[in-house]
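Let us work through some labels used for a binding site. Each question asks what a label rests on.

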Amino acid sequence: MSIFKEVFEKPNEYKHDLYPEEILKTCKMFSSTLKYECDKVHLWRDSLRHPAYPLEEWQHLWPEYPNTYRECVGNYSVKIKELGSRIMNLISEGLGLECGYFDNDNLSDSLVISLNHYPPCPDPSLTLGVIKHFDAYLITVLQQEDICGLQVLKDGEWIAVDAIPHAFVINIGCALQILTNGKLKSAEHRAVTNSDQARTTAAFFIAPSGDCFIEPTKDLIDEHNPPIYKSYEYKELLTRFFKKHGDMDMVLKSYEEEEPKD
Ligand code: OGA
Ligand code: NI
């Protein structure tokens, strides 16, 4: 966490190198959202986002400063990936599927790191740290300190999630909701700011890789449980997801709208 914080304390000249012109550069730092110019309201955060796993593929593209970043975050990514696999295996078992069920077919091979830094905000009523969204991938492992900010939408109300030191928050992502045919639901969430303390968080997304399809897994569907989602090409799903700012309903609707009408 101290290395993550240091990333955002660096002077602007350093940060400038990480603000890419093109949006799909693999390691990117940004303020508010990836499309700052298109924001209706700017968010009160700086972010650094990059793929993390497999290390050989990505580590050389990560920030060079703080100079321990690549080594330390590299070792840590391997551990987080292991934790992610353990959780995915427990989820498989909980669903009555065999252990390791989601561990194949490129379904949970990747890890994406997204660091968020929310400076103290003079008036937290005017904006948010992150607007309400669903996470796109399988599961999110969120690391935070003892400063609250995360809220989950339940029955139309925002509920603050306690910030428990040294504990991770695990969130189910939309890809897992589709894979489990809606048995596991992704939680809609947001982050609020506060006026007196900076808050830094690290979200580790366990994600599919490659050209897979995200669809209800055949072992969870039968005549009583028909598929409620169709098959989505992962890359296309992700593109739409970011376009719709993590609004799952809008993403699904965008496919329906293209369906040929009878
Ligand atoms: C995210 C996220 C919440 C937080 O990065 O997807 O929801 O508290 N972060 O930083
Ligand atoms: Ni999120």
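Q: What makes the link between the side chain of arginine 199 and ligand 1 a polar contact?
A: In this predicted model, an N or O atom in the side chain of arginine 199 is 2.9 Å from an oxygen atom of ligand 1. The cut-off for such a pair is within 3.5 Å, so this is a polar contact.

Q: How do you know that threonine 201 makes a polar contact with ligand 1?
A: An N or O atom in its side chain is 2.7 Å from an oxygen atom of ligand 1. The limit is 3.5 Å, so the pair counts. The protein also covers 96% of the 290 Å² of accessible area that ligand 1 has on its own.

Q: Which element gives the most to the shell around ligand 1?
A: Strand S10 (199-207) does, with four residues.

Q: Why is aspartate 135 called a donor of the nickel ion (ligand 2)?
A: The protein donors are His133 (NE2), Asp135 (OD) and His189 (NE2), lying 2.0 to 2.1 Å from the nickel ion. A donor is an N, O or S atom within 2.8 Å of this metal, so Asp135 qualifies through OD. Aspartate 135 also has a polar side-chain atom 3.2 Å from an oxygen atom of ligand 1.

Q: How are the donor residues of the nickel ion (ligand 2) spaced in sequence?
A: The pattern is H-x1-D-x53-H. Histidine 133 in strand S4 and histidine 189 in strand S9 are 56 residues apart, so the pair links distant parts of the chain. Both histidine 133 and histidine 189 are buried.

How values were computed
Residues numbered from 1 in each chain as written. Chains lettered and ligands numbered in written order. Predicted model: local features only at pLDDT ≥ 70, side-chain atom pairs only at ≥ 80, totals over all residues. Heavy atoms only, no water. Polar contact = N/O pair within 3.5 Å; in protein donor to acceptor, adjacent residues only side chain to side chain. Areas by Shrake-Rupley, 256 points an atom, 1.4 Å probe, with all protein chains shown as cover. Helix = DSSP H or I, 4+ residues; strand = E, 2+ residues; numbered from the N terminus. Donors = N, O, S within 2.8 Å, 3.2 Å for Na, K, Ca; no water. Buried < 20%, exposed > 50% of the residue type's maximum accessible area, 1.4 Å probe, protein only.
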